[in-house]
Amino acid sequence: MITVTVNGRPIQFHDDPEMPLLWYLRDELGLLGTKFGCGKALCGACTIHLDGTAVRSCQTPVSAAANRHVTTIEGLSAAGDHPLQIAWRESNVPQCGYCQSGQIMQAASLLATTPHPNDADIDAAMAGNICRCGTYGRIKSAIKKAAGQGGAS
Amino acid sequence: MSLTNVSRRHLLAGLGAGSFVLAAGLPIARGAEEIKYGAAGMPGGAVANPLIFIALAPDGEVSIFCHRSEMGQGVRTSLPMVVADEMEADWRRVRVRQAPADESRFGNQNTDGSRSMRHFFEPMRQCGAAMRMMLESAAAAQWKVPLTEVAAADHGVLHRPSGRRLDFGGLARAASALPPPAPAALVLKNPRTFRYIGKDTMPLTDGLAISTGATRYGIDATLPGMHFAVIARPPVYGGKLTHVETAACLKVPGVLKVVTIPGTPVPSEFLPLGGVAVIARNSWAAIKGRDALVPTWEHGPNAGYDSIAYRAELERTAGQSGEIVRNLGDVDKAMAGAAQRLVADYYIPHLAQAPMEPPAALVHIKDGKVEAWACVQAPQAARERLATALGVAVKDVTLHVTLLGGGFGRKSKPDYVVEAGLLSKAMGGAPVKLFWTREDDLRHGYYHTVSVEHLEAGLDGQGRPVAWLHRSVAPSINATFGPDPMRESPDELGMGVTNQALDIANIRWETGEAAAHVRVGWFRSVSNIPHAFAIQSFIGELAAAAKRDAKDYLLEVIGPPRLINPKDQNDEANYGEDPAIYSIDTARLRRVAETAAKGAGWGRTLPKGHGLGIAAHYSFVTYVAAVIEVEVTERGEVIVHKVDMAVDCGPQINPERIRSQMEGAALMGISLATLGEISFKGGQAQQDNFDTYQVTRMDAAPRAIEVHLLPGDFATPLGGVGEPGMPPVAAALTNAIFAASGKRIRALPIKDQLRV
């Protein structure tokens with residue numbers, strides 16, 4: 001048996017410990033904000049936080065989260081008011097929106113370690129997150145906006 | 001593109017044009033001999049009934065149904081916003097609801113062809129106006145005052161003489177019980193009084209849900225007791241399962257059942273490829289179970305499909321005379337007399353749409369009724385295929401349209417919905433969610449065609465083009481739906497070949513034979529991608545040969561401002577629009593080219609290694625030009641500094657979403673030009689995830705994208721937005737690379753030739 005704390009709530013896991021967190025979160029816990037895009041840690045749609053750091057949940061087995069804290073997009077803020085979530089809405093960042101949970105979780109991890117990232121910092125942190133609709137420019141400006149740098153779109 | 005529309009149009013071609021009045025926007029009974037255009041030419045037509053699209057609640061909440069699929073183009077914001085504006089509703093009190101698949105009720109729902117706004121702007125205005133008038137009538141009746149004394153404003157109705165006001169909520173019941181006014185009695189708002197339409201300030205309907213992870217896509221559909229399934233499909237199109245070892249699969253904890261699905265013979269249309277399905281308690285068990293299957297396949301007639309050999313075959317065909325599809329003047333004579341002659345072949349490989357959400361659907365069956373949730377662009381087509389596959393009447397299938405995590409044409413083909421239906425049936429009707437992995441998406445797609453465009457031109461002593469030959473060789477989408485026509489259809493040629501505005505006296509357009517060996521399908525802007533790439537690249541090559549400025553030369557080749565009737569170009573397709581209303585206006589094409597060039601500072605002195613490239617293209621009855629500034633470093637590295645996109649789509653209903661579509665098109669165009677390729681060997685796709693099928697990531701994205709919206713008034717017919725941004729991008733990029741480095745790219749992707 002494995003204990004994982006998901007969005008602040010300790011949960012007992014009894015299934016295959018090799019099951020990727022992605023499928024545990026989605027299929028067993030009903031936390032559907034974390035998305036499946038590639039299954040190979042190539043696209044970032046499934047990005048969550050493990051003890052506050054962005055990881056790809058599709059390549060992170062539940063066993064790796066034992067006694068650790070998992071945060072999903074649903075748990076990023078109490079009322080959808082994380083500065084990034086606000087900036088995302090103000091900039092109308094999304095198109096289809098599918099990758100955006102992962103983008104926001106990745107960006108939140110970046111801002112936690114680099115509160116005032118420059119373009120190169122953002123490129124380096126975000127290059128693992130694919131957006132097929134092509135919202136990168138708006139993502140970048142929303143990250144800057146959330147970091148308090150203005151950030152024109 | 002709608003297949004139904006295409007075949008019906010072909011059937012009726014040549015039987016005379018109808019005189020449909022676009023402004024009416026409603027299906028009008030007419031003789032069978034007449035061709036219908038616009039929304040009326042689509043299955044289901046347009047519906048403008050306020051009682052279908054609007055529901056008023058006593059608390060004042062206004063529900064507006066969006067009947068088109070949301071896949072990132074913003075339709076769940078833009079269409080309901082039109083209704084809200086016309087009915088004087090407060091957007092903050094509007095709830096957008098997604099219509100289920102039902103074209104008999106909502107009108108056409110096939111969300112492709114960049115048609116949603118241009119076909120439904122007027123009907124949605126009419127819905128809103130009708131409901132506004134019903135609310136006003138209800139208020140006047142309640143107050144017992146003349147109708148002329150009341151007016152709707154700001155989510156209520158005001159009695160002007162007395163200053164009394166009733167909220168829409170208080171009028172909900174009475175207004176909803178009134179008959180909608182006759183279309184002729186409708187009074188539409190003066191565009192000058194629009195509150196949301198044409199403004200640049202609309203928040204996204206789903207913005208909050210997206211930013212908090214609360215959105216639900218097809219892959220998120222959930223029912224209690226639901227099973228999860230993936231399918232192992234034949235690796236080659238037209239292949240069959242001959243045997244499968246299931247013992248190891250069935251030992252995987254969580255696997256419930258293995259089911260064989262019969263395939264669909266070529267051409268497989270919108271129906272499943274067949275294979276072996278693994279149904280499990282969760283997604284992980286399904287995937288692991290599938291990995292443990294040992295299937296044996298008979299690969300069938302496409303087993304020899306090899307992209308390297310096929311390209312050589314296309315090039316051979318392109319080098320020989322083809323079938324003439326249109327001719328102007330005498331190309332051979334003009335070529336013979338030309339001072340300079342140029343020849344070039346342009347190649348674009350197969351591409352995959354690769355929406356971030358792979359195809360997925362949830363189906364369950366109970367008491368002969370089927371209920372489905374799916375991310376589909378063509379809800380009605382999905383519903384009908386599902387009904388047929390499960391042997392029930394269409395009316396017994398309820399299909400809920402979820403959000404689409406990207407579509408780009410892939411989700412116009414609902415094969416995955418049918419798969420889910422067959423699996424639910426195999427489980428006795430239990431709910432089954434079928435999803436595709438990324439590997440499934442890239443190995444078993446409906447791929448963009450593969451093409452060689454052969455261009456020849458003769459220039460006179462001043463470098464002006466006097467002769468032009470375009471031979472287009474590509475397998476047709478129609479091969480996915482019927483006997484392989486072995487060459488492009490008129491509809492495909494109408495995407496930038498025969499309807500190209502060229503001010504050249506002698507032109508010949510030809511096609512060459514090309515057989516389809518995969519499911520060829522629509523990909524955002526479709527055949528415009530190869531056609532615009534070749535034509536706009538070749539114009540760039542001619543400008544260089546003539547030692548002329550590329551922008552000036554492009555404008556000269558477009559020629560002076562004039563209106564061209566698509567019919568005079570042998571183009572019966574014209575994106576389904578009436579040629580009498582939608583003529584090609586070269587002044588507008590010139591203007592977008594000039595605007596994009598100005599935005600990029602065309603003509604300025606550029607830093608070392610930088611170059612500007614330009615391309616302009618008409619598609620989906622919209623005009624778009626792109627100018628791209630690139631840097632090619634001494635190491636051969638390509639850096640895209642800026643993209644300037646100029647678009648003239650007529651009136652701009654939601655400018656903010658037009659801008660976002662152009663930004664996205666610039667990105668997707670660069671992605672396919674620099675990285676995009678699906679290749680085949682032994683009939684099997686060689687790419688299976690984002691490591692081998694690469695797409696542009698943030699670090700290689702343009703440093704800046706600037707979108708220039710050309711002003712369009714409401715007297716101009718509406719153009720498309722979702723697709724027309726794509727076609728000019730690849731050529732603008734390769735023209736810029738040429739300007740920067742002298743290197744001419746004629747085959748995509750660029751990654752094979754430069755560092756991207």
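A residue is counted as buried if 20 or more other C-beta atoms lie within 10 Å of its own. In the predicted model described here, B:Asp648 has 25 other C-beta atoms within 10 Å and is therefore buried. This residue belongs to strand S25 of chain B, which covers residues 638-648. When neighbours within four places in sequence are left aside, the contacts of B:Asp648 are B:Arg588, B:Arg591, B:Val592, B:Thr622, B:Tyr623, B:Leu710 and B:Gly712. By contrast with these contacts, B:Ser424 lies 224 residues from B:Asp648 along the chain, and the C-alpha atoms of B:Asp648 and B:Ser424 are separated by 47 Å.

The sheet to which S25(B) belongs is open and has 4 strands, arranged in the order S23-S24-S25-S28 of chain B with mixed pairing. Its edges are formed by strand S23 (610-619) and strand S28 (704-709) of chain B, each of which pairs on one side only. From one strand to the next, the twist averages 15°. Between S25(B) and S28(B) the pairing is parallel and extends over 6 bridges, and B:Asp644 is found opposite B:Glu706, a residue of S28(B). Helix H19 of chain B lies across strand S24 (622-632), S25 and S28 of chain B, and runs at about 135° to S28(B).

H19(B) also takes part in the interface between the two chains, to which chain B contributes 49 residues and chain A contributes 43 residues. On the side of chain B that touches chain A, at least two residues each are supplied by helix H7 (207-212), helix H9 (283-291) and helix H19 (655-674) of chain B. The largest share of this side, 7 residues, is provided by H19(B). In terms of residue class, the side of chain B that touches chain A comprises 24 nonpolar, 15 polar and 10 charged residues.

A second sheet considered in chain B is likewise open with mixed pairing, and its 7 strands follow the order S9-S10-S7-S17-S14-S15-S16. Strand S9 (255-261) and strand S16 (397-401) of chain B are the edge strands, and because each has a single partner strand, one side of each is left without a neighbour in the sheet. Neighbouring strands of this sheet are turned against each other by 20° on average, with direction ignored. At the S16(B) edge, the pairing with strand S15 (residues 369-374) of chain B is parallel and comprises 5 bridges; B:Trp373 is positioned opposite B:His400 of S16(B).

Two helices of chain B are associated with this sheet. Helix H12 (residues 379-390) of chain B packs on the sheet through strand S14 (360-366), S15 and S16 of chain B, and the direction of H12 makes about 145° with that of S16(B). Helix H13 (residues 415-426) of chain B lies across strand S7 (227-232), S9, strand S10 (275-280), S14, S15 and strand S17 (432-435) of chain B, and runs at about 40° to S14(B).

At the level of domains, chain B is divided into domain 1 (3-199), domain 2 (218-301 + 359-435) and domain 3 (307-352 + 446-752). The centres of domain 1 and domain 3 of chain B, taken over C-alpha atoms, are separated by 36 Å, and 26 residues of domain 1 are in contact with 26 residues of domain 3 of chain B. On the domain 1 side of this contact, two or more residues are given by each of helix H1 (3-12), helix H3 (75-87) and helix H5 (116-143) of chain B. The residues of that side divide into 12 nonpolar, 10 polar and 4 charged.

Chain A is assigned domain 1 (2-75) and domain 2 (83-146), whose C-alpha centres lie 20 Å apart. The contact between these domains takes 15 residues from domain 1 and 12 residues from domain 2 of chain A. Strand S3 (47-50) and strand S4 (53-56) of chain A each supply at least two residues of the domain 1 side, with the largest share, 3 residues, coming from S3(A). The side of domain 1 of chain A that touches domain 2 of chain A is made up of 6 nonpolar, 8 polar and 1 charged residues.

Key
Residues numbered from 1 in each chain as written. Chains lettered and ligands numbered in written order. Predicted model: local features only at pLDDT ≥ 70, side-chain atom pairs only at ≥ 80, totals over all residues. Contact = placed C-beta atoms within 7 Å. Nonpolar A, V, L, I, M, F, W, Y, C, P; charged D, E, K, R; others polar. Pairing = 2+ DSSP bridges. Axes fitted to C-alpha atoms, helices over the stretch in contact; angles between N-to-C directions. Domains from an automatic or database assignment. Buried ≥ 20, exposed ≤ 12 C-beta atoms within 10 Å, placed from the backbone.
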